[in-house]
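Let's take a walk through a protein model together. Keep the 3D view open and turn it as you read.

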Amino acid sequence: MEKPSAEGLRERKRRETRAAIERAAISLVDELGYDNVTVAMISERAVVSQGTFFNYFPTKDAAIVGLGRVDLDAEVVHAAYDRIEGTPYHATLTLFLKVVRDLDWTSEIAAMRARLVAQTPALMKLFLDGTFGFVSDFRGILAAYLERHPERRSCPDELTPSEEAGLVVAEALEAAKFALARATADPDASLPDAAEAEAVVRRIVG
């Protein structure tokens with residue numbers, strides 16, 4: 001049988017360490033409450049140094065919700081806009097809902113987190129905001145895309161590309177957050193696709 005490579009062993013160790021930190025964070029919050037948990041306590045329970053903790057998560061909040069920083073590749077996002085038909089709003093909502101679908105809903109850690117988040121409004125907000133922590137960067141990427149592709153714009157006479165991108169992303173974000181909140185409360189519920197969510201928004205705003 002072929003032995004695992006050194007790189008494979010390192011990656012497995014990284015996954016195990018990350019999982020240990022997440023499990024420690026969630027279990028401590030479950031036992032003591034969010035406000036009473038510190039990075040030092042999480043590190044101690046996970047049997048890692050605080051330096052190691054910060055190699056994986058920037059804050060205790062990030063460890064609790066299990067979300068690291070997302071580094072967006074502008075060209076990859078632009079390619080997605082080229083590929084997805086419809087308005088930039090439809091494409092943005094499609095991409096945001098994909099983020100929701102790609103979350104871990106099945107592991108032991110995910111089940112613990114979903115229960116805590118559903119029961120704790122402060123954690124729900126943290127989870128929603130953390131999931132879409134890349135939005136500021138996303139606005140800039142979309143603005144650059146609209147600048148490059150004026151034919152895809154909806155309001156070229158009224159708004160600058162940056163203004164249009166800001167409105168598109170803000171509206172798509174709220175729709176995606178609603179879908180994520182529903183999924184967190186009931187992981188067995190099916191998420192709407194972008195067309196379904198867009199239809200609901202249209203009924204609300206007219």
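**A walk through the model**

Start with Val47, which is exposed, with a relative accessible area of 71%. You'll find Val47 in the loop between α2 (39–46) and α3 (50–56). Now check its backbone: Val47 has a positive phi of about 60 degrees, even though it is not a glycine. That's worth a second look because most residues other than glycine have a negative phi. Keep in mind as we go that this is a predicted model.

Next, let's hunt for rings. How many aromatic pairs does a search of the whole structure find? It turns up 9. One of the pairs is made by Phe53 and Phe54: the ring centres are 5.2 Å apart and the planes sit at 85 degrees, so this pair is edge-to-face. To get that label, planes have to be over 60 degrees apart. Are these two residues buried or exposed? Phe53 is buried, with a relative accessible area of 0%, whereas Phe54 counts as partly exposed at 43%.

Another edge-to-face pair is Phe96 with Phe134, at 5.7 Å centre to centre and with 65 degrees between the planes. Phe96 belongs to helix α6 (residues 88–101), while Phe134 is in the loop between α8 (121–131) and α9 (135–148), so the pair ties together parts that are 38 residues apart in sequence. Phe96 is buried, with a relative accessible area of 1%, and Phe134 is buried too, at 4%. Zoom out a little and you'll see these two rings in a cluster: ring pairs link Tyr81, Phe96, Phe132, Phe134, Phe138 and Tyr145.

Tyr81 from that cluster leads us to helix α5 (residues 74–83), where the buried residues are Val77, His78, Ala80 and Tyr81. Why do they end up on the same side of α5? Around the axis they cover an arc of only 155 degrees, which puts them on the same side of the helix. Turn to the other side of α5 and you meet Val76, Asp82 and Arg83, which are exposed. As for what covers the buried residues of α5, that includes α6 and α9.

Before leaving α5, look at its N-terminal end, which is capped by Asp73: a side-chain oxygen of Asp73 lies 2.9 Å from the backbone nitrogen of Glu75.

For a last stop, find Tyr34. Lys60 lies over the face of this ring, 4.2 Å from the ring centre.

Definitions and conventions: Residues are numbered from 1 along each chain as its sequence is written. This is a predicted model: local features need pLDDT of at least 70, side-chain atom pairs count only at pLDDT 80 or more; totals for chains, interfaces and linings use all residues. Side-chain values use heavy atoms; hydrogens and water are left out. Helices (H or I, at least four residues) and strands (E, at least two) are DSSP runs, numbered from the N terminus. Buried means under 20% relative accessible area, exposed over 50%, partly exposed in between (1.4 Å probe, protein chains only). Rings of Phe, Tyr and Trp (its six-membered ring) pair if their centres lie within 6.5 Å; planes under 30 degrees apart count as stacked, over 60 as edge-to-face and the rest as tilted. A charge sits over a ring if NZ of Lys or CZ of Arg is within 6 Å of the ring centre and within 35 degrees of the ring normal. The arc is that of the directions from the helix axis to the C-beta atoms. Contact means heavy atoms within 4.5 Å. A polar contact is a pair of N or O atoms within 3.5 Å; within protein, one must be able to donate a hydrogen and the other to accept it, and residues adjacent in sequence count only if both atoms are side-chain atoms.
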